[in-house]
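The following explanation is addressed to a reader who meets this structure for the first time. Please keep the sequence and the model in view while reading.

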Amino acid sequence: MQALARLYEASHGASTPQEIIAQAVQELFAGRIAVVSSFGAESAVLLHMIAAVDPATPVLFLDTGRHFRATLEYRKTLAERLGLQNVQDILPLGEMLKKEDPFGALSMIDKDRCCFIRKVEPMARAVAPFAAWMTGRKQFQAATRATLAVFEAVGPRMRINPLARWQAADLKAYAEQHDLPVHPLTAEGYRSIGCMPCTRPVYEGEDQRAGRWAGSEKTECGIHLSGLTDRLKNLGASDQ
Ligand code: SF4
């Protein structure tokens with residue numbers, strides 16, 4: 001799969017995000033692809049492009065139980081506005097929550113474990129049936145994403161980041177052109193929006209993701225890292 005990812009990357013160097021999505025959804029992974037969305041500050045652009053190609057594409061939303069109420073309302077508004085037909089709420093396992101986070105305070109004690117229970121484990125279960133999934137990650141979002149590829153191999157599966165090479169100005173222009181609904185918290189300075197206990201607004205000059213897990217060394221929840229691959233293997237889903 002690594003070789004295939006490199007081949008796709010090389011052959012799609014001049015493709016637009018819309019062309020990449022259309023080819024992935026209608027040809028390369030037809031019927032075997034989903035999109036993962038946080039319904040955050042910039043999610044509308046990718047979801048709008050996907051709805052234009054196939055509004056029945058499965059949209060996986062990790063409902064961690066710790067989202068801002070505004071995010072849950074925006075999820076509903078955006079899905080209705082774009083005509084998304086298959087938004088799936090992906091929940092943590094009740095048993096794990098009961099055993100390891102009975103009071104909902106794990107994020108204050110062990111953020112990595114909290115993210116594993118509420119994001120990584122549910123994400124692995126959600127993507128296991130698919131051959132590929134798309135994300136809205138971009139290179140400009142943070143120094144740690146500066147070399148993000150459009151096509152990434154994740155074990156025997158493909159992760160596709162159609163917007164990887166787009167800049168903030170491209171997203172803004174697209175959103176304005178299509179009059180896309182804005183996440184309510186962006187007006188309060190939130191530029192990357194995750195769970196409420198681990199997200200703060202971003203200040204002038206900071207990275208877009210500086211408000212995520214601020215004050216800790218954590219920069220990613222883990223759903224895009226190797227822990228997901230390990231979990232897929234543990235689920236026995238590595239060869240599907
Ligand atoms: Fe828990 Fe925070 Fe991770 Fe959400 S972002 S799963 S609250 S540690």
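The paragraphs below treat the annotated region, the ligand site and two helix contacts in turn.

The model shown here is a predicted one. A useful starting point is the annotation in UniProt, where an unreviewed entry lists residues 33-201 under "domain: Phosphoadenosine phosphosulphate reductase". In the model, this span is 37% helix and 14% strand, and the C-alpha atoms at its two ends lie 33 Å apart.

The ligand comes next. It is surrounded by 13 residues, and the closest of them are C114, C115, R118, C195 and C198. By character, this shell consists of six nonpolar, three polar and four charged residues. Helix α7, which runs over residues 111-127, supplies five residues, the largest share of the shell. C114 has its place in this helix.

The record can be set beside this picture. Under "binding site", the unreviewed UniProt entry lists C114, C115, C195 and C198. These positions span 85 residues in sequence, yet no two of their C-alpha atoms are more than 11.0 Å apart, so they gather at one spot. The four cysteines named in the record are also among the residues closest to the ligand in the model.

Helix α7 also takes part in a contact with another helix. Its partner is helix α9, formed by residues 226-234. The two axes come within 8 Å and cross at roughly 55 degrees; α7 and α9 are therefore oblique to each other. Their crossing is right-handed. On the side of α7, the contact involves F116, V120, E121, M123 and A124, which meet G227, L228, R231 and L232 of α9. Six of the residues in this contact are nonpolar, one is polar and two are charged.

A second helix pair is found earlier in the sequence, where helix α2 (residues 17-28) packs against helix α3 (residues 43-53). Here the angle is about 50 degrees and the axes are 10 Å apart. Because of that angle, α2 is oblique to α3. The crossing of α2 and α3 is likewise right-handed. From α2, the residues that make the contact are P17, Q18, I21, A22, V25 and Q26, while α3 contributes M49, I50 and V53. This contact comprises seven nonpolar and two polar residues, with no charged residue.

In summary, α7 provides five residues of the shell around the ligand and also meets α9, whereas α2 and α3 form a contact without charged residues.

Terms used
Residues are numbered from 1 along each chain as its sequence is written. This is a predicted model: local features need pLDDT of at least 70, side-chain atom pairs count only at pLDDT 80 or more; totals for chains, interfaces and linings use all residues. A residue is near a molecule or strand if its C-beta atom, placed from the backbone, lies within 6 Å of it. Helices (H or I, at least four residues) and strands (E, at least two) are DSSP runs, numbered from the N terminus. Ala, Val, Leu, Ile, Met, Phe, Trp, Tyr, Cys and Pro count as nonpolar, Asp, Glu, Lys and Arg as charged, and the others, Gly among them, as polar. Axes are lines fitted to C-alpha atoms, for helices over the stretch in contact, and angles run from 0 to 180 degrees between N-to-C directions. Angles under 35 degrees count as roughly parallel, over 145 as roughly antiparallel, 65 to 115 as roughly perpendicular and the rest as oblique. A crossing is left-handed if the near helix is turned anticlockwise from the far one by less than a right angle, and right-handed if clockwise. Two residues are in contact if their C-beta atoms, placed from the backbone, lie within 7 Å. UniProt positions are given in the numbering used here, feature names are shortened, and annotations may be inferred rather than shown by experiment.
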